[in-house]
Amino acid sequence: MICERGRVVAADDNALWVETIQQSSCSSCAAKKGCGQGLMNSLHDGRRNQVRVALDGQSAGDYPIGSDVDIAIPESALLGGAFVVYLLPLLSMLGIMALVAQWYESDGLAALGAVLGFLLGLMAVRLHAWTSRNNPRFQPRVIGLHKAVASDVMTFVDPR
């Protein structure tokens, strides 16, 4: 399980909206300026992400707005998602390009086949995301609640 701590910012009937803050590890990395991720993090360090976390039979009242929770997602879901997002378009691009190059002697048509294969791969990624959007295997889960310390005073503004 890959775990992350976040703060509950909203609650639905059967789900929580949890805000996490992206932590940058660039300060401890040896590559420093030779990495594109370091450049991107310097532009927007501490970016906030909101994640919808389904409640499996739990009550949203157990997690008050502003409370800190630990959420987790299985490693297999993350690895499978990375495979689909990165490799599927690449493999479909190479496959369609190879088929077109085998049938026709034109490099232009092979390049066109590569573009078509890449676009088909992107469509397959989108279709996979749409068909598996409610699959509980790919959804993050709440695994812990952190009680607020009495000295901490926080004010939250409802975004609605």
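The exercises below, each with a worked solution, concern a predicted model.

**Exercise 1.** Work out whether the distance between the end C-alpha atoms of helix 3 agrees with the span expected from its 25 residues.

*Solution.* Begin with the expected span, which for a helix is 1.5 Å times one less than its number of residues. For the 25 residues of helix 3 this gives 36 Å. Next, take the distance between the end C-alpha atoms, which is 36 Å, so the two values agree.

**Exercise 2.** Describe the start of helix 3 and the cover of its buried residues.

*Solution.* At the start of the helix, look at serine 106, where a side-chain oxygen comes to within 3.3 Å of the backbone nitrogen of glycine 108. Then find the buried residues of helix 3, which are Ala110, Gly113, Ala114, Gly117, Gly121 and Val125. Finally, turn to what covers these buried residues, which includes helix 2 (75-103).

**Exercise 3.** Locate serine 132, and decide whether serine 132 is buried or exposed.

*Solution.* First, place serine 132 in the loop that runs between helix 3 (107-131) and strand 5 (141-146). Second, compare its relative accessibility with the cut-off: buried means under 20%, and serine 132 counts as buried because its value is 12%. Third, leave aside the neighbours within four places in sequence, and the contacts of serine 132 are Phe138 and Gln139.

**Exercise 4.** Classify leucine 90 by its accessibility, and find the surface patch to which Leu90 contributes.

*Solution.* Start from its position, since leucine 90 lies in helix 2. Its relative accessibility is 37%, so leucine 90 counts as partly exposed. Leu90 also helps to make a nonpolar surface patch of about 740 Å², together with Phe83, Val85, Tyr86, Leu87, Leu91, Leu94 and Met97.

Key: Residues numbered from 1 in each chain as written. Predicted model: local features only at pLDDT ≥ 70, side-chain atom pairs only at ≥ 80, totals over all residues. Heavy atoms only, no water. Helix = DSSP H or I, 4+ residues; strand = E, 2+ residues; numbered from the N terminus. Buried < 20%, exposed > 50% of the residue type's maximum accessible area, 1.4 Å probe, protein only. Contact = heavy atoms within 4.5 Å. Polar contact = N/O pair within 3.5 Å; in protein donor to acceptor, adjacent residues only side chain to side chain. Patch = residues over 30% accessible without salt bridge, like charges linked within 9 Å, V, L, I, M, F, W, Y side chains within 5 Å. Areas by Shrake-Rupley, 256 points an atom, 1.4 Å probe, with all protein chains shown as cover. Salt bridge = Lys/Arg side-chain N within 4 Å of Asp/Glu carboxyl O.
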